[in-house]
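Student: Could you take me on a close look at the sheet and the nonpolar packing around it? I would like one connected account that I can follow with the model open.

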Amino acid sequence: MDELLQNLAVTAKDYAGRRGFDEDFLGQTLPLPRLAGVATVLLPYTHFSVLMRLDKRLAAVTGVGIDGSTLMDLDRAGISWKLDPRLPADQQTGERVYTRNDIDRGHLVRRSSAVWGDTVAEAELANEDTFHYTNAAPQAAKFNQGLELWLGIEDYLQEHAAQYRSRIVVFTGPIFSALDPVYRGVDIPLRFFKVAAFIHQGELAATGYVVDQTPQLAELPDVPRPGVVEDVPPLGPFRTFQVPIRDIALLTGLDLDQLIAVDRMPIGATLGAATVGSTWRELGAAEDLDLDFDLED
């Protein structure tokens, strides 16, 4: 009821000016990945878009363009999470899943990545837009608060590899599987992916990553114990892996062919019939990224 009342003052018409993810952001056309065979709804926001997966009531993928030259440091104080009035409430995962437990609303599009613009008003609108439930996924509180490396990958690549006016594109989303525990009617994803795309020496380049919250979910007493994921190396708290983008496509069903072709993880070009997970590289720091070029070039 509180969520319904909260959204009465805001209607779909208020979102008419949202342009969403810009597929030409890097100077080369790069569309938001699509998901075939599943009912989805595309929701544009300021600087990013969310492709909602209706059967899961969570995003299939989000896409954001990050303009490092106009990033702003804005406060999040006073911004409340809200439903998107363009989508029925029963097709979103709202506050009911996050209340009275140790589950956080984990931003998919990172707040600080979207907060940029030519004016403060533009950046402020992007700041507020990241607080839609459509841009969140259930994450164990300890996990959500320990993702320093996962979040730092965007900063590292933006600072060292994005040469087109310090621009980078990031696609993020859950990796759903039959092993995900169901909590209050919602599947809680065990893993999440990130694919970063940027321009290097005039050419499109991309890298892929996976992080796993299975160990943290297992510590929550009111969440069903998650199944054991077998297609990854042994799990551990906050472990982050650089992975072939091909593996992300196979695990999610997303159309990532354009990015698979420009994957800068060296093993990505010679995978052959390698099984999913067999070539994943654990990262201890962003500097551990395995790329076939020098980021300092």
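Tutor: Happy to; what follows goes from confidence to the sheet, then to the cores and a few single residues.

Keep in mind that this is a predicted model. Mean pLDDT for the protein is 87, with 88% of the residues at 70 or more. Among the elements, strand β2 (residues 48-53) has the highest mean pLDDT, 98, while helix α1 (residues 2-8) has the lowest, 47. Over residues 1-8 the pLDDT stays under 50, and the model gives this stretch twelve contacts beyond four places in sequence. Where pLDDT is low, predicted coordinates should not be read in detail.

For orientation, the protein has eight helices and twelve strands. Of its 297 residues, 55% are buried. Among contacts with a separation of 6 or more, 74% join residues 24 or more positions apart.

Now to the sheet itself. Eight strands form an open sheet in the order β1-β2-β3-β6-β9-β10-β11-β12, and the pairing is antiparallel. At the edges stand β1 (40-44) and β12 (281-283); each has a single partner strand, so one side of each is left without a neighbour in the sheet. On average, neighbouring strands are turned by 20 degrees against each other, direction ignored. Within the sheet, β3 (residues 58-67) and β6 (residues 167-175) are joined by six bridges in the antiparallel sense. One place to look is Val 64, whose bridge partner in β6 is Val 170.

Val 64 also takes us to the packing, as one of the residues with the most contacts inside the largest nonpolar core, which has 53 residues. Others in that group are Phe 48, Ile 103, Leu 157, Phe 192, Tyr 209 and Leu 289. Two or more core residues come from each of β2, β3, β5 (136-140), α5 (148-160), β6, β9 (191-200) and β10 (203-212). Helix α5 gives the most, with five residues. Nonpolar side chains tend to be buried together in soluble globular proteins.

Leu 289 is a good residue to select here: leaving aside neighbours within four places in sequence, Leu 289 is in contact with Tyr 156, Leu 157, Tyr 209, Gln 242 and Leu 283. There is also a second, separate core of 31 residues, including Phe 25, Leu 32, Ile 245 and Ile 248.

Back in the sheet, Thr 240 lies in strand β11 (residues 240-243). With a relative accessible area of 1%, Thr 240 is buried, because buried here means under 20%. Not counting residues up to four places away in sequence, Thr 240 touches Leu 149, Trp 150, Ile 153, Val 210, Val 211, Arg 281, Glu 282 and Leu 283. Thr 240 and Trp 280 are 40 residues apart in sequence, and their C-alpha atoms are 9.6 Å apart in space.

For a contrast, turn to Leu 179, in the loop between β6 and β7 (182-183). Leu 179 has 35% relative accessibility and so counts as partly exposed. Its C-alpha is 9.5 Å from that of Arg 225, and the two residues are 46 apart in sequence.

One helix rounds off the tour. In α3 (residues 120-129), the buried residues are Ala 123, Ala 126, Asn 127 and Asp 129. Seen down the axis of α3, these fall within an arc of 165 degrees, so they line one face of the helix. Their cover includes β2 and α2 (111-114), and β2 is also one of the strands of the sheet.

Methods: Residues are numbered from 1 along each chain as its sequence is written. This is a predicted model: local features need pLDDT of at least 70, side-chain atom pairs count only at pLDDT 80 or more; totals for chains, interfaces and linings use all residues. Side-chain values use heavy atoms; hydrogens and water are left out. pLDDT is the predictor's confidence in each residue, from 0 to 100. Helices (H or I, at least four residues) and strands (E, at least two) are DSSP runs, numbered from the N terminus. Contact means heavy atoms within 4.5 Å. Two strands pair if DSSP finds at least two bridges between them. Axes are lines fitted to C-alpha atoms, for helices over the stretch in contact, and angles run from 0 to 180 degrees between N-to-C directions. A nonpolar core is a set of buried Ala, Val, Leu, Ile, Met, Phe, Trp, Tyr and Cys residues joined through side-chain atoms within 4.5 Å. Buried means under 20% relative accessible area, exposed over 50%, partly exposed in between (1.4 Å probe, protein chains only). The arc is that of the directions from the helix axis to the C-beta atoms.
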